[in-house]
Amino acid sequence: MRIFEINRSQVSEHPALTPLAVPGACAANGYLWISLTREEFRASLAEVQQIIQALCQTQLVDLHVADLLNDQLPSHYDYTSQYDVLVFRRLATSQGQAALGNGKGSGNEAPPIPASSVATAKPRGGPPVLRRVDTRPVGFAVFDRVLLSVHPEDGAVRDAFAARLLAAGSSDDRGAPALDVRATSTRVPTGPSDLMLRVINQIVDGYLDLRRELTKQLDHWQTELIDPRSRFTNWGALMEARQSLHHLDEICEDQRAAMQDWIDSLETLPQPKGEAERRERELIMIRSRDVLEHIERVVHHVHRLEQNAETAVQMHFSVQGHRANDIMRVLTVLTAIFLPLNLIAGIFGMNFEFIPLVHKADGFWIAMTAMLVIAVLLVLIFWRKRYLARTR
């Protein structure tokens with residue numbers, strides 16, 4: 001469990017929930033980020049409800065509590081008149097990386113997930129990259145002054161993003177921000193919605209990293225499938241890859257639908273009257289559309305990978321078919337060459353008393369010369385017509 005109080009550019013971490021349940025414990029202009037694992041949320045539900053009641057004059061409804069505790073829930077969006085609930089599935093495997101980059105854009109490297117984080121994950125076969133296509137939901141409840149996030153047991157995204165958040169809110173001895181404030185990713189989030197979108201953006205970046213690794217694996221298989229000299233036997237892993245891509249496609253489609261619903265709900269809200277509130281709303285919309293664009297990039301690339309996998313399989317069988325045709329063509333030509341030779345041999349093998357050349361001393365050499373000349377002429381004719389040429 002980790003609790004952060006964000007007040008403008010200042011970020012402080014609180015050790016426990018109980019003191020924050022007192023009215024006035026949080027600064028008037030600040031907000032809280034309460035991040036818990038599912039077990040911690042189940043055990044501390046009463047305290048969390050008290051804090052939300054003190055700061056936001058409302059509580060989570062029972063159905064949303066059940067959604068946040070559900071480990072199998074797909075990505076989706078829901079709302080009430082006082083808060084929003086967004087569930088987003090992130091990558092979770094012991095072999096892969098947490099879905100959190102360094103904040104410099106999509107496709108950043110991410111810290112490794114501890115092996116204990118996926119003790120309950122179903123093992124997958126095939127190459128290690130395929131075992132990364134396993135997800136766990138992260139739930140967000142967005143209030144005016146509270147962001148409640150419920151994470152899987154490893155809490156990798158929470159801990160990595162918390163380190164960045166504390167670094168962004170810290171200052172050096174001269175009072176200047178510890179990070180470059182010109183970089184959007186290093187600024188302290190302006191509100192719970194902004195904070196949630198940044199965490200989601202890093203989750204999506206993890207899918208972009210996985211996308212590149214899947215591309216390398218499928219390119220390797222495609223090279224083996226197209227090479228006519230290779231004997232590709234790893235069909236089980238290839239089928240597992242196609243199933244993983246289909247699973248990843250479903251995950252990203254759910255994420256896109258959830259984010260689109262979130263954007264639609266923002267567009268239906270009344271326009272703020274103040275200039276600062278209007279600018280903050282615009283920044284939230286821009287960040288939301290940026291997250292949606294990242295998701296659409298992943299979806300587009302997954303579709304392309306699925307098509308590449310299917311095309312590679314079809315090309316493999318096409319190459320094998322061409323190879324079989326080459327073999328059959330050569331065998332047919334050889335058969336055509338030996339047909340007249342077999343005819344001559346059959347004629348001179350007949351049991352007749354009077355056969356031309358049979359009783360001559362040089363009859364054998366005449367027959368052999370004729371057979372050799374016929375064979376050479378047929379080979380030259382078939383070679384000129386490219387019946388013996390091998391297709392590349």
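Here a colleague asks a modeller about the wording used for this predicted model.

Colleague: Let's start broad. How many helices and strands does the chain have?

Modeller: Eight helices and seven strands. Buried residues account for 44% of the 392 residues. The accessible surface comes to about 21,000 Å², and carbon and sulfur atoms hold 57% of that.

Colleague: Why is Ser75 called buried?

Modeller: Its relative accessible area is 6%, and buried means under 20%, so Ser75 counts as buried. Ser75 sits in the loop between α3 and β4 (76–79).

Colleague: What touches Ser75, leaving out residues up to four places away in sequence?

Modeller: Val87, Phe88, Arg89, Asp254, Gln255 and Ala258. With Arg89 there is also a reach from the side chain of Ser75 to the backbone nitrogen, at 3.1 Å.

Colleague: What makes that 3.1 Å pair a polar contact?

Modeller: The cut-off for a pair of N or O atoms is within 3.5 Å, and the side chain of Ser75 reaches the backbone nitrogen of Arg89 at 3.1 Å, so the pair makes the cut.

Colleague: On to α2. How do you know what span to expect for this helix?

Modeller: Helix α2 covers residues 45–56, which is 12 residues. The expected span is 1.5 Å times one less than the number of residues. For α2 that gives 16 Å, and the helix reaches 16 Å from its first C-alpha to its last, close to what is expected.

Colleague: Which residues of α2 are buried?

Modeller: Val48, Gln49, Ile51, Ile52, Leu55 and Cys56.

Colleague: Why say that they line one face of the helix?

Modeller: Looking down the axis of α2, the buried residues fall within an arc of 160°, so they line one face. The general background is that an α-helix has 3.6 residues a turn, so residues three or four places apart point the same way.

Colleague: What covers those buried residues of α2?

Modeller: The cover includes β3 (31–37), α1 (38–43), α3 (62–69) and β7 (146–151).

Colleague: And what is there to say about phi just after α2?

Modeller: Gln57 takes a positive phi of about 55° there, although Gln57 is not a glycine. Gln57 belongs to the loop between α2 and α3.

Colleague: Why is Gln57 called exposed?

Modeller: Exposed means over 50%, and Gln57 has 52% relative accessibility, so the word applies.

Colleague: What about Phe317, in helix α7 (residues 275–348): buried or exposed?

Modeller: Exposed: Phe317 has 52% relative accessibility, and the cut-off is over 50%. Phe317 and Leu225 are 92 residues apart in sequence, with their C-alpha atoms 8.5 Å apart in space.

Colleague: Why is Leu269 only called partly exposed?

Modeller: Its relative accessible area is 40%. Buried needs under 20% and exposed needs over 50%, so Leu269 falls in between and counts as partly exposed. Leu269 is in the loop between α6 (235–268) and α7. From its C-alpha to that of Arg281, 12 residues along the chain, the separation is 10.0 Å.

Colleague: Last one. Which residues does the "transmembrane region" annotation cover?

Modeller: Residues 330–352 and 364–383, according to the unreviewed UniProt entry. In the model, 330–352 is 83% helix and 0% strand, with end C-alpha atoms 36 Å apart. For 364–383 the figures are 100% helix, 0% strand and 28 Å between the end C-alpha atoms.

How values were computed. Residues are numbered from 1 along each chain as its sequence is written. This is a predicted model: local features need pLDDT of at least 70, side-chain atom pairs count only at pLDDT 80 or more; totals for chains, interfaces and linings use all residues. Side-chain values use heavy atoms; hydrogens and water are left out. Helices (H or I, at least four residues) and strands (E, at least two) are DSSP runs, numbered from the N terminus. Buried means under 20% relative accessible area, exposed over 50%, partly exposed in between (1.4 Å probe, protein chains only). The arc is that of the directions from the helix axis to the C-beta atoms. Contact means heavy atoms within 4.5 Å. Accessible areas come from the Shrake-Rupley method with a 1.4 Å probe; for residues, only the protein chains shown count as cover. UniProt positions are given in the numbering used here, feature names are shortened, and annotations may be inferred rather than shown by experiment. A polar contact is a pair of N or O atoms within 3.5 Å; within protein, one must be able to donate a hydrogen and the other to accept it, and residues adjacent in sequence count only if both atoms are side-chain atoms.
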